[in-house]
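Let's take a walk through this fold, starting from the middle of its sheet and working outwards. Have the structure open and follow along.

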Amino acid sequence: MATKQNETGKAFEFACLKEIAGKATSLGIHVTIIEDATYHQGKSNYSQLPPESQSNYTQGARAALQFIFDCEPYLYDKVLATDLELSMQPDGRGQQGDVRDLLFLRWESSKQKKRWECGISCKHNHAAVKHQRVGFSPDSDFIRNWCPSFTCSKGWRDVADHFFKITSQKKPWNDLFTSRLDELYRPVIDAVYAELMEHKENAVFVEELFSFLLGTIDFYKVMAFERERLTQVSVFNFNGTLNRKTAKLKAIRQLKKTPVPKRILAIAKVDSILTIHFDFGWSVRMRIHTAESISTPSLKFDSQLQGIPVELLNLTFPW
């Protein structure tokens, strides 16, 4: 069953898609929208919003558009005789390293040579980079899920087995723990911390962990905040694939590559929070919580960027 956050998130993705299609069309670009199940779900979620919310979602999406169009000439180059194809990506792609919610495709010619691809991650009223889980079931291995080249230790397995017996009862969390912080969060945080510390000096582990948290494919992150009435746009250009010029046009605004960390400098733990400090100024704050009201054999991390490199372009647009 979809959660309220999932529904509002899909609605905002649809609002962004709608506004991008409208702006490109107004500039004389022929747009094709892939109307698959994901698209129809987003459209349904958007249509069920009250008119005031629809207006806010639209304004939040529109605020980011001019900047993205200024960076991506394939969105507005009328010399190209090809359609601009827009689509909404299904949930689950983030687990494969692609955190983009919307995907834009275009070709240099009808022979489909030199394909251009770009995408954005859409966030409504939050700026999380990941909501990853830590499972307790016997076949669960959170390190392998995050970093495929590594596995959890026996020390973690002992902790996980202990909590699997308790959390599998499907009872309200308060019936199982007098203090979730002391009896659940802190022991799990300690165990996760130990697993991360075991591998922190391994360059492959650092690469896989950062890719899991931030993705492996370049993207724009568009975050709309209704209460503040502003939209924030961050540019993640790790591979330098954003900002590509067409045969005739260069981008109005030039972007730099975003540095990728090579080392974990430190890992800190306080109560229910882990903070991973990478080099180049990156740091990720991960807060663990139960997420559901009834116990399940897993916990969820809310992961957000706490520190970013000076090279990361991060702009705010009021509306």
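Two strands count as paired if DSSP finds at least two bridges between them. Strands themselves are DSSP runs (E, at least two residues), helices are runs of H or I with at least four residues, and both are numbered from the N terminus. Keep in mind that this is a predicted model, where local features need pLDDT of at least 70, side-chain atom pairs count only at pLDDT 80 or more, and totals for chains, interfaces and linings use all residues. Residues are numbered from 1 along each chain as its sequence is written, and side-chain values use heavy atoms, with hydrogens and water left out.

Start with strand β4, residues 116-124. On one side, β4 pairs with strand β3 (residues 102-106) in the antiparallel sense, over 5 bridges; there, L103 sits opposite G119 of β4. With strand β6 (residues 219-225), β4 pairs in the parallel sense, again over 5 bridges. Look for I120 across from Y220 in β6, and for C122 with its bridge partner V222.

Now zoom out. These strands belong to an open sheet of 7 with mixed pairing, in the order β1-β2-β3-β4-β6-β7-β12. At the edges you'll find β1 (31-33) and β12 (314-318), each with a single partner strand, so one side of each has no neighbour in the sheet. From one strand to the next, the twist averages 20 degrees.

How many residues of β4 are buried (under 20% relative accessible area with a 1.4 Å probe, protein chains only; exposed is over 50%, partly exposed in between)? It's 8 of the 9, so β4 is largely enclosed by the rest of the structure.

Definitions and conventions:
Axes are lines fitted to C-alpha atoms, for helices over the stretch in contact, and angles run from 0 to 180 degrees between N-to-C directions.
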